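Work through the exercises below with the sequence and the model side by side. Try each task before reading its solution.

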Amino acid sequence: MAGSRLKDFTILVVDDDSLITYSLKELLSLEGYSVKTAQDGETALGMLRAEPCDVLIADVSMPGLSGFDILMAVKEQLPDTIVILITAYGSIEDAVNGIKLGAYEYITKPLNDNEVKVSIERALEQRRLRLENFELKRKLAEKFGFENLVGSDHRMQKIFELISIVADTEATILINGASGTGKSTIARAIHYHSRRKDRPLVEISCGALSENLLESELFGHVKGAFTSAMSDKIGRIEKAKDGTIFLDEIDNLSLRLQAKLLRFLQEKKFERVGSAETTQSNVRVIAAANRDLERCVAQGEFREDLFFRLNVVSIALPPFKDHLSDLPLFVDYFIEKYNKINRRRVRGVSREVMKRMLSYGWPGNIRELENVIERAVILAPGEHITFDLLPEYLRGPVTVASSNGLVQLQVAIEAAEKNAITNALRHFKGNRNKTAEFLEVNRTTLYQKMKRYSLLDVSFKDK
Ligand SMILES: Nc1ncnc2c1ncn2[C@@H]1O[C@H](COP(=O)(O)OP(=O)(O)OP(=O)(O)O)[C@@H](O)[C@H]1O
Ligand SMILES: [Mg+2]
């Protein structure tokens, strides 16, 4: 369903008040949705079982099955259906209970056309992203067999295509990219799609150990090779026999070890530290570097011949800020991942959060986003990641914004608007009538803006 238009979605409205079902049907049909209605819960559930819909709008208080009853049945039987509850004005308790039971959102009577439209658009946008994500993953898996890779940006797609071609060869691969761009992830994907996948994948970071320790870790040593060498030890290259070795941070390898590695790459032979005996190991090499290895070569820090040996196939991962069109997919992907791990049911991020994320520069790349989402999923009390769940540095004044230090006009305007509303609400201790009057907007507008800026649940009484 990738690329499906929001208007292709179906909506079922259930309310015992026929005036409401009638007016919602009219409103939403005019918007282009396909809308069905039911007058009671039993009928609605029957209709859903016969033909599931994308969004169910249900009134909480109805004779017979209540909106809550329907919600619970739907969550159990058709968990993908988005449920929006209609609650009586002022019954915050109903609203909160509904959200706890898994409703996507609640709208209050008397219904405001705009509020209804916005609510549905937002719910469907989340749903579209989710479907797109599933679809993309399915396609990737089908086309390349990469179930755990996300990315629809053309650069990422090119990379996936490239690794699908080279994975099952013996080619040495050099992956370049800043921290957190996915180098280790790509290295693993390559190994697990090669014919060596049932043999070990051994990873070693060349930047983490001292030169001598690294040498003995890589090539092994014999007893007595150095003071602490109490017994023979095989190195990682031998452990990776018939499999793959992933040499991470290869740009940190000393010139002496570069020479030793080069010999191994050329002849598949090496000696354990302290031994004269030559050992052989058939290993495929994947290397990764944070820095541009060509530049290291130019600066005399990296052997040119080794660079050419490694660089048979090279993969350059772009910084995350250069493929931010992938951000919504990654957000969804990580929400799903951390929902599973933490048994949460977060469904998405608020519009404001998405906006902020899209205007941020992500110096820590995909890993930084993953950390932000993990934290927010764990802390989220409800189904949405709201602005307050972002780490302090992301919530800060909007001027941090984009990677080039500039702020889009819309972002700046919204920050100012949120500020003005927050200040007025504080001044009037949360009284919306007085706040709206002071700001010279009507109550509905104030309500919508408070919702947009996640201010509805904030208490301004004692501030
Ligand atoms: N294309 C991708 N699809 C899904 N997840 C990804 C992708 N790229 C990166 N990730 C996730 O982002 C996180 C960071 O990626 P990874 O560890 O591969 O980065 P790295 O470039 O190896 O970083 P470092 O230089 O710090 O070692 C990982 O948790 C990984 O699961
Ligand atoms: Mg890594």
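**Exercise 1.** Determine whether Asn-365 is buried or exposed, and describe its backbone.

Solution. Step 1: the relative accessible area of Asn-365 is 2%. Step 2: buried means under 20% relative accessible area, exposed over 50%, and partly exposed in between (1.4 Å probe, protein chains only). Asn-365 is therefore buried in this predicted model. Step 3: Asn-365 belongs to helix H15; helices (H or I, at least four residues) and strands (E, at least two) are DSSP runs, numbered from the N terminus. Step 4: although Asn-365 is not a glycine, its phi is positive, near 55°.

Conventions: residues are numbered from 1 along each chain as its sequence is written, while chains are lettered from A and ligands numbered from 1 in the order in which they are written. Because the model is predicted, local features need pLDDT of at least 70 and side-chain atom pairs count only at pLDDT 80 or more, whereas totals for chains, interfaces and linings use all residues; side-chain values use heavy atoms, with hydrogens and water left out.

**Exercise 2.** Place Glu-374 in the structure and state its class of exposure.

Solution. Step 1: Glu-374 is also a residue of helix H15. Step 2: its relative accessible area is 28%, so Glu-374 is partly exposed. Step 3: the C-alpha atoms of Glu-374 and Ile-341 are 9.7 Å apart, with the two positions 33 residues apart along the chain count.

**Exercise 3.** Which residues come nearest to ligand 1, and which elements supply its shell?

Solution. Step 1: a residue is near a molecule if one of its heavy atoms lies within 4 Å of it. Around ligand 1 there are 18 residues, and Val-150, Ser-179, Lys-183, Thr-185 and Glu-370 come nearest. Step 2: sort the shell by class. Seven residues are nonpolar, eight polar and three charged; Ala, Val, Leu, Ile, Met, Phe, Trp, Tyr, Cys and Pro count as nonpolar, Asp, Glu, Lys and Arg as charged, and the others, Gly among them, as polar. Step 3: helices H7 (183–192), H13 (327–342) and H15 (365–379) each give at least two residues to this shell. Step 4: list polar side-chain atoms beside oxygen atoms of ligand 1. The distance is 2.5 Å for Thr-185, 2.8 Å for Ser-179 and 2.9 Å for Arg-367. Step 5: ligand 1 alone exposes 630 Å², of which the protein buries 86%; the areas come from the Shrake-Rupley method with a 1.4 Å probe, and for residues only the protein chains shown count as cover.

**Exercise 4.** Into which domains is the protein divided?

Solution. Step 1: the domains are domain 1 (6–137), domain 2 (147–318) and domain 3 (322–452), with bounds from an automatic or database domain assignment. Step 2: the centres of domain 1 and domain 3, taken over C-alpha atoms, lie 24 Å apart. Step 3: their contact (heavy atoms within 4.5 Å) takes 23 residues from domain 1 and 18 residues from domain 3. Step 4: domain 2 and domain 3 each provide at least three residues of the shell around ligand 1.

**Exercise 5.** Where is the cis peptide bond at Pro-110 placed?

Solution. Step 1: the bond joins Lys-109 and Pro-110, with omega about -5°. Step 2: Pro-110 sits in the loop between strand E5 (105–108) and helix H5 (113–143).

Conventions:
A polar contact is a pair of N or O atoms within 3.5 Å; within protein, one must be able to donate a hydrogen and the other to accept it, and residues adjacent in sequence count only if both atoms are side-chain atoms.
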